[in-house]
Amino acid sequence: MRLVDKIQTQLVDTQSVLFAFDLSAQRAALDLAREAVRELQQLHPERRTSNVYGEWLSPKNAHELSPKLQPLCQLVTTLCGQIWHDVFGQGGEHAADEFYVWQSWAVDYGQGGYAESHNHFPAFFAAVVYLEADATSAPIVFGHNAARPSLPNTLYIFPGALQHAVPHNTGRRVVVAMNILKKNPA
């Protein structure tokens, strides 16, 4: 039995939190991730369709296809645990163990590539790591107008339900994105 004929959606502007990290000191994990992306491009060159329109998009299980992404995934889940503990006061000393990468994918946006407005629900956290970016790379835009720059070696972690988009790109922009789930959502 249907309770309503149509579910109405409404976007509302709310203040949300965004966590930004400079990963430049994590050179080994970043270099391995760059190698993984190059290898994935060779092994999976086919065009994929999604809300992302770029030069190349990997399968959504990139972290399972390339072990070289595991150090970056571990770094991201560890930081999610630290956020959970330090910012939200949850999780205790083993907070990092509460999170895992559910999906991950790499994108080479190329010239003119973009991402339509979307979110990563039901992911608890979403993450994007900029492996390559330059001064003309498109920013990531949260909500309607909260743009954050694409900077090399930068990681943004944000709530999975946070709406975001990428305008048309004009520079070099290669990212690894992740959907992070909490092992025990209660």
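**Strand pairing and overall form of the chain**

His-164 in β10 is the bridge partner of His-118. The structure described here is a predicted model. The pairing to which these residues belong joins β5 and strand β10 (residues 164-166), which run in the antiparallel sense over 2 bridges. Strand β5 (residues 114-118) also pairs with strand β2 (residues 52-53), again in the antiparallel sense and over 2 bridges. In that second pairing, Val-52 stands opposite Ala-115 of β5. In a regular strand, side chains point alternately to the two faces of the sheet.

The chain as a whole contains 3 helices and 11 strands. Their order along the sequence is β-α-β-β-α-α-β-β-β-β-β-β-β-β. Of the contacts in the chain with a separation of 6 or more, 78% are between residues 24 or more positions apart.

The overall dimensions were computed next. The C-alpha trace spans about 45 × 45 × 35 Å along its principal axes. The radius of gyration is 17 Å, which agrees with a compact globule, because a globule of 186 residues would have a value near 16 Å.

Burial, surface and charge complete the description. Buried residues account for 45% of the 186 residues in the chain. The exposed area of the chain is about 10,300 Å², and 54% of this area is supplied by carbon and sulfur atoms. The chain carries 14 positive and 17 negative charges, and the mean positions of the two sets lie 4 Å apart.

How values were computed. Residues are numbered from 1 along each chain as its sequence is written. This is a predicted model: local features need pLDDT of at least 70, side-chain atom pairs count only at pLDDT 80 or more; totals for chains, interfaces and linings use all residues. Side-chain values use heavy atoms; hydrogens and water are left out. Helices (H or I, at least four residues) and strands (E, at least two) are DSSP runs, numbered from the N terminus. The radius of gyration is taken over C-alpha atoms; the globule rule is 2.2 Å times the number of residues to the power 0.38. Buried means under 20% relative accessible area, exposed over 50%, partly exposed in between (1.4 Å probe, protein chains only). Contact means heavy atoms within 4.5 Å. Accessible areas come from the Shrake-Rupley method with a 1.4 Å probe; for residues, only the protein chains shown count as cover. Lys and Arg count as positive and Asp and Glu as negative; His and the chain ends are not counted. The place of a charge is taken as NZ of Lys, CZ of Arg, CG of Asp or CD of Glu. Two strands pair if DSSP finds at least two bridges between them.
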